[in-house]
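Let's walk through this model together, starting with how far to trust it and then turning to a sheet and a helix.

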Amino acid sequence: MLEPGRLSRPIRLEQIDAYRWRIPRDEHRGMRVDGIVFADERLIAPLRTDPALEQVANVATLPGIVGASLAMPDVHWGYGFPVGGVAAMRADRGVVSPGGIGFDINCGVRLLRSGLVAAEIRPRLEPLADALFAAIPSGVGARTGQRLALRDLDEVMCKGARWAVERGFGWSSDLDRTEERGEMVGASPADISHRAHERGADQLGTLGSGNHFIEVQVVDRVLEPSAAMALGLDVGAVTVMIHCGSRGLGHQVCTDHLTSMDTAAARAGIVLPDRQLACAPLGSPEANAYLAAMAAAANFAWANRQLIGQAVRAAFRRVLGTPAERLGLELVYDLSHNVAKIEQHHVAGQPIVLCVHRKGATRAFPPGHPDVPAEYRAVGQPVLIPGDMGRCSYVAVGAPGAMELTFGSSCHGAGRSLSRHAAVRLLRGVDVARQLGAQGIVVRAERRDLLAEEASPAYKDVEAVVEVSANAGLIRPVARLRPLIVVKG
Amino acid sequence: MTTSPPTRRRPRRPVPPRLADVRPPDSRGHELVPHTADVGLLARAGDLAGLFEEAAAAFSELTADLTEDVPSGDRATESVTLCAHDLISLAFNWLNELVTVSELRRSAVTGARVECVDVAAEGAGTRLVATIDLVPFDGAAARRHTSVKSATFYRLSVRQFESGWQMTAYLDV
């Protein structure tokens, strides 16, 4: 293998303060606004020569972009947009770009809490891991073995998580604690291709592969007791985190619409530094069709995580012999970190309607925001931040700074620091499962080599990412979670 | 011309080549290229048909572990005809065809035979006719490896050199 790429031209970086760096607007690059990277000295150092900065600059060239092209502290090299990128476009004269959402539309995170403490499940970790691994199809091309009829699939894409709850796969309170209530409005299955239907028909309720996972965790530290109480998190309590998205259906939606956007951008005379940034003016037929298809795929993803969440409850019931209701396996929150949304924000004191693209970035609305579930409104929207399978993850809540600086957004995880190839090379000869076992973490994976690709050294230190996000005023950390069981696709 | 006094410098780490700087050798071949989140591929061949076959071979290497001998009864094929307005889009469509066929047929792509790649006059479109070779994942001959969500347009290039053609592409995994 050749080594990774590098910047085509050096990117100028100016430090704004301890947690922000500016990529000044460069007219030669066609930048319409600055780029802003949220990082401290530790996180910015490896980024200086990383193509992610070039991607931040490229996003700044898109028509209608407002404020700045933003990079969250977990930013890393992606395609088109960087992973960890946020861009807000004016609804009246901006664009929507499928590359600013990504192929895995509404990839996101769901967190369940429980009334269990770690000591109660430690003797049962092995059978619990087996039960989770058996109950939730994972791995490349995972399928349920049950194929949804076209009409049912269309209903899933319209109703999202509600479709699953109506069929007994979950509780009505789950919907109250899901972003958009798990049902994005404006979804149109008519804008979904036959091929996308085919790819999605038997993948509902599957985890997939790569960085998708289910973790059983324990709350090992509470950082803000009042918010932790509101979220039902206590030291020693067992939680379950699920990370997955819209599977082949979402991937195909992005693929299909990129092609039409490629043509639309050329027709609109939009000059792009990267064809993966293909876009269409908001309000155009191509943009409307994409947003309707994106909403449909997002709803598929919410139904997917709803089904997986319910399968987790069933696995706990089978292994522990107690119904999920009595185990207190309630949803804390379910969020998307790959989506575009039409939102109202204030820019220079004026209200403005924007299309906010978050690719590998989490919405982080502060206390009092009407879109935060009523029961959490006093503390802010939960922000779920997976770390890596050997260290920890975080639960935070949105802070007022996010509305001022990032259109209500924050980091979505630790962010990769090594390619899969480099991680495998680094860990050659290392038994990752055994290492994790020595830490008391039980692992189940479809492929053993995936564990090396996804091991801790492949990721940035999530503690550093959370610290920068908090110090920049985007979030308030609430609790730290340590893994007990890791299930990988 | 002036010379600077010698200074003590840390030895420079070798700078990896950029894909675009790599002059394609005369021989056919392919390589996988690391990317922080995803995976790149580099293919080269003397003609366009060979280039698209090499891209399929790279895809196969990334997505499947194959045994040396595949029983003939396990083999299957899928015939495809693709059109696009330019070569870049044709490469995008070709790689995504491999992704989708592999997923829907639950089969490893073991290679492809490209009958023709027609490049019409500038702007008039391109066309590819090919047969994709497959082996089912549920048998002993093929194990799933890396999952590919989609090919991307990011740094996607199809370039002609004196000695042949070169494709670079990044896949979302």
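Chain B has an average pLDDT (the predictor's confidence in each residue, from 0 to 100) of 85, with 83% of its residues scoring at least 70. Over residues 1-21 of chain B, the pLDDT is below 50, and this stretch makes 11 contacts in the model beyond near neighbours in sequence; two residues are in contact if their C-beta atoms, placed from the backbone, lie within 7 Å. Among the elements of chain B, helix α1 (residues 48-63) has the highest mean pLDDT, 97, and strand β7 (residues 142-144) the lowest, 87. Helices (H or I, at least four residues) and strands (E, at least two) are DSSP runs, numbered from the N terminus. The model as a whole scores ipTM 0.88 and pTM 0.92.

This is a predicted model, in which local features need pLDDT of at least 70 and side-chain atom pairs count only at pLDDT 80 or more, while totals for chains, interfaces and linings use all residues. Residues are numbered from 1 along each chain as its sequence is written, and chains are lettered from A and ligands numbered from 1 in the order in which they are written.

Now look at chain A, where 7 strands form an open sheet with mixed pairing, in the order β1-β2-β3-β4-β5-β13-β12. Strands pair if DSSP finds at least two bridges between them. β1 (14-17) and β12 (338-347) of chain A each have a single partner strand, so one side of each is left without a neighbour in the sheet. Within the sheet, strands β3 (residues 34-38) and β4 (residues 65-79) of chain A pair in the parallel sense over 4 bridges, and A:D34 stands opposite A:A68 in β4(A).
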